[in-house]
Amino acid sequence: MDARPAPDGPVAGLPPGPEHFAGRAAELAALRAEVRRPPGDGCRVLVVTGRPGSGRTVLARRFARSLAGEYQVLTERLSAPDGTAQPPGAVARRLLAALGVPCDTLPPMADEEADPACARLREALAGRATLLLLDDVADAAQLRPLLPDEPRCLVLAATTGPLTALADRFRVDPVILRGLDEAAAVELLTALVGGTRISCDPVGAAALAEACAGRPAPLRLMAHWLRAHPKAAVPAAADALREAGGEVLSAAFALRYRALPVAQARLLRTLTLAPGGWADPRTASALAGCPAPEAAAGLRALAEGELLEEHGASADGTPRYQVPGRFFGELVALRERLDRPAEVQLARARLLERLVRLVDSARALLEPTRSAPDPLPGPLRLRTAAHARGWLLGERELLLAAGEQAVAQGDLDGSAVRLVGALLRTLPAAGPLAPADAYRLHRLVLTCAERQGTPRRAAAALLNLAELRAGAGQWRAAAEHYRAAHVHSRDPLDEAVAARALEGVAQCHRALGDAVRAADSYGRALALRRGLDEPAAQARLLARIGEAHAAQRRFAEAEREYRAALALLRRLGDERGAAAVATALERLVANG
């Protein structure tokens, strides 16, 4: 046990814990007892449950930190700050990336299909002593696909519910967090406010602890309220909280928010526009429309006041923060009430354009032959190719999420399309573009193209999506995309796209063993290629049609198509292609 890091020490993969922690000895002991019990056939599942503001995330992280000497710790949040549950497959892909395990699986076509990334994660965790800290779990159905069969794995789930639906396979004995006892609550206030101020009024401190129902988040907020009001007596905080009325966490947040300087309050509201509530000085300065050093100072101040969560620095050392889910709804309501819609849209547009410029500057560094965009201000600049690569890979998920969020909102398609295009051009320069990420980007291109009524762009996006599905061997899904691309190629008629789409449909039928439909689609593609005067493509299609006829035992028709392809290839001087077709023809004649 002595080899374990100190509970508050840095642990890779875990955000730093709060500076002060009090109580919860019984809950930590219960979690330790669960870890000591003999493992079963699969992983062990530990559940920490409590209302927002009960401190379940802080407790789970503290406990995970105490086990970091025995387990590799990975952490993911399963719900966005706005409460939207993340699909298990998306979570699995992020965990695989953290493990350094390549994941070339694509998301399923339908919501009811199992995402293969979850199976890949369970395979990757086999033989590993890993602690998965999964925060803000929505329900058991979201968690179940992520649970590995490896007995040495430990899953620590933080949630508002007990997840008892897992009991059919896993022993689940949730640790339920209630309010801190008075001694622990006063200890926390003393650490945050200052010993003299609290010790001089123990009755007032006890009254404040009671007004906060012993819940750590309201206690922390009111401690910072007292620090922002140095002349206020401790009982004044309890009185203010009672007068505010309503749910105690909301009331404490409202009091703390009103004590903020105007610029910090506006910055905090604006950060709800960032994807996932994530921000660094680059994105925060764009959203707030202020210089990066000013944004950095505001972020630090909000984090020190525990209104933002500070996370590990990004790959280039830039500090990163996130809006806590327990405050997110309140901040959105404040933004909608206080900020004009035009100001909000302008902030979102500034963020998108900032990301486009950053991505373009990264590409210029990774591909020096490219013309560089106008340089960004010094604090925002990517300075070397290594810096650009690290930034792109570290921020990849947030960049993708920014594109998805912008396309979903639908009012800034120009900026959204520029960002998606920049990512499609630049991410491959930093390393192989994962098929799932390419699929997400092309889906965004398709959505914008269909919304803007540009069938050629829509068809091109569908062809890219189809080829990704075909590359993964998902032939039925690929055929759906190819057929949709063919529909988009009709009005106005684009013969090249139509031919490519029909050839793709035929390839899918061929892979699925349907030679009749393959021959039909190849034949329709051939007619278009003849109209386009593309002899090499015609030769390839003739050979495919011959192969499809041979599969149907229509040997005469197959021989005719093979001979036509052979003649065309010889005329083109394609010796390699002619040799391959000649071999197929000889085999056909010998077997026929």
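User: Which residues of α25 are buried in this model?

Analyst: In α25, a helix by DSSP (runs of H or I, at least four residues, numbered from the N terminus), the buried residues are Ala 558, Glu 561, Tyr 562, Ala 565, Leu 566, Leu 568 and Leu 569; buried means under 20% relative accessible area, exposed over 50% and partly exposed in between, with a 1.4 Å probe and protein chains only. This is a predicted model, in which local features need pLDDT of at least 70, side-chain atom pairs count only at pLDDT 80 or more, and totals for chains, interfaces and linings use all residues. Residues are numbered from 1 along each chain as its sequence is written, and side-chain values use heavy atoms, with hydrogens and water left out.

User: Why do the buried residues of α25 line one face of the helix?

Analyst: The arc is that of the directions from the helix axis to the C-beta atoms; seen down the axis of α25, the buried residues fall within an arc of 170°, so they line one face. On the other side of α25, Ala 556, Arg 570 and Arg 571 are exposed.

User: What covers the buried residues of α22?

Analyst: Contact means heavy atoms within 4.5 Å, and the cover of α22 includes α20 (455-471), α21 (475-488), α23 (515-531) and α24 (535-551). Among the buried residues of α22 are Val 497, Leu 502, Glu 503 and His 509.

User: How many residues has α22, and what does it reach?

Analyst: The expected span is 1.5 Å times one less than the number of residues; α22 (residues 495-511) has 17 residues and reaches 24 Å from its first C-alpha to its last, close to the 24 Å expected. Just after α22, Gly 513 takes a positive phi of about 80°.

Methods: Helices (H or I, at least four residues) and strands (E, at least two) are DSSP runs, numbered from the N terminus.
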